[in-house]
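Let's take a friendly walk through this protein chain, starting with its charged side chains and ending with the overall picture. Keep the 3D view open as you read.

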Amino acid sequence: MGLTIDAYGPISDNAGGIAEMAGLPETVRGLTDCLDAAGNTTAAIGKGFAIGSAALVSLALFGAFTVRAKVTTVDILNPWVFTGLLFGAMMPYAFAAWTMKSVGEAANDMVKECLAQFPKIMGPEKMAPDYERCIRISTEASLREMLAPGALVILSPLVAGMGFGKNCCAGLLSGSLVSSVQLAISMSNTGGAWDNSKKYISAGGLGKEYVKGSEAHKNSVTGDTVGDPLKDTSGPALNIVMKLT
């Protein structure tokens, strides 16, 4: 069931892209948009399963830590536990902000490359598109930009445990788990809702005066631009934060 739910969204999304590239009528694209909107909903459900699974895994690992470190209680009245709890609760937000920023910077690099290639492709030179260059931009950015968020997740428990004690580390892990679950659910649902709102406006759901080109549609495109990295990058990546911290 989980695999079916996860596969439905990308299949519908790719069907819409193929229809647009093939130059099929707008009616076909409208039908695929309806399927894609349903796909965003099923994707949010599938991500909910993944979030729940990550939370349970994190809870099991936290239990193993308390046994090995001989932590019997996590008392938030303890100053070190409370300090770790605060930093742990803030960590997923910093992680999400870094990943969102990384997506924006990589997208800007891709736009610059496309603007450099298009005049030569469409001009008298008739240059062949350099797909390898575009793929390299995405691949290198994905590897380079993940160094800082990855170091944050891996090193934070080590610094808290070795620098401030096992109680501080227990607080950090607790705060990170609770905050990550809430933020991941919010991001997955919000990104899908913004994407679907753009499709709803494009289909004339608000009236004929609010179709493509209107201010409402432009605003929905902005929301979708933010929503995509929310639901596809930062939200799913928080599952890793739960498991590794």
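## Salt bridges: the count

First things first: this is a predicted model. If you count a salt bridge whenever a side-chain nitrogen of Lys or Arg sits within 4 Å of a carboxyl oxygen of Asp or Glu, you end up with 10 salt bridges.

## Two pairs that involve helix H4

Start with Glu 113 and Arg 133, which form a salt bridge with their closest N and O atoms 3.4 Å apart. Glu 113 belongs to helix H3 (residues 79-122) and Arg 133 to helix H4 (residues 131-144), so this pair ties together parts that are 20 residues apart in sequence. How much of each partner is accessible? Glu 113 is buried, with a relative accessible area of 14%, while Arg 133 counts as partly exposed at 32%.

Now look at Arg 136 and Glu 132, another salt bridge, where the closest N and O atoms are 3.1 Å apart. This time both residues lie in helix H4, 4 residues apart, which is about one turn of the helix. Arg 136 is partly exposed at 31% relative accessibility, and Glu 132 is exposed at 54%.

## A buried pair and its network

Next up is the salt bridge between the side chains of Lys 231 and Asp 195, with 4.0 Å from N to O. It links distant parts of the chain: Lys 231 is in helix H7 (residues 215-244) and Asp 195 is in helix H6 (residues 166-202), 36 residues apart. Are these two buried or exposed? Lys 231 counts as buried at 9% relative accessibility, and Asp 195 is buried too, at 6%.

This pair also has company. Salt bridges with shared partners join Lys 47, Asp 195, Lys 199, Asp 228, Lys 231 and Asp 232 into one network.

## A closer look at helix H3

Does the length of H3 add up, and what should you compare? At 1.5 Å a residue, its 44 residues should span 64 Å, and the end C-alpha atoms are 65 Å apart, so the two values agree.

There is a bend along the way, though: H3 turns by about 25° at Met 91, and a proline, Pro 92, follows within four residues. At the N-terminal end of H3, Asn 78 acts as a cap, with a side-chain oxygen 2.9 Å from the backbone nitrogen of Trp 80.

## Cysteines without disulfides

How many disulfides does the structure hold? The count is 0. Cys 134 is in no disulfide, and the nearest cysteine sulfur, in Cys 114, is 4.8 Å away. Cys 134 itself is buried, at 17% relative accessibility.

Cys 169 tells a similar story. Its closest cysteine sulfur belongs to Cys 168, and at 7.4 Å that is too far for a bond. Cys 169 counts as buried, with 6% relative accessibility.

## Zooming out

Now take in the whole chain. You'll find 7 helices and 0 strands, so to speak a run of α-α-α-α-α-α-α from the N terminus on. The C-alpha atoms fill a box of roughly 70 × 40 × 35 Å, taken along the principal axes.

Of the 245 residues in the chain, 36% are buried. As for contacts between residues at least 6 apart in sequence, 76% join residues at least 24 apart.

Technical notes
Residues numbered from 1 in each chain as written. Predicted model: local features only at pLDDT ≥ 70, side-chain atom pairs only at ≥ 80, totals over all residues. Heavy atoms only, no water. Buried < 20%, exposed > 50% of the residue type's maximum accessible area, 1.4 Å probe, protein only. Expected span 1.5 Å × (residues − 1). Bend = angle between axes of the 7 residues up to and from the residue. Polar contact = N/O pair within 3.5 Å; in protein donor to acceptor, adjacent residues only side chain to side chain. Disulfide = S-S within 2.5 Å. Contact = heavy atoms within 4.5 Å.
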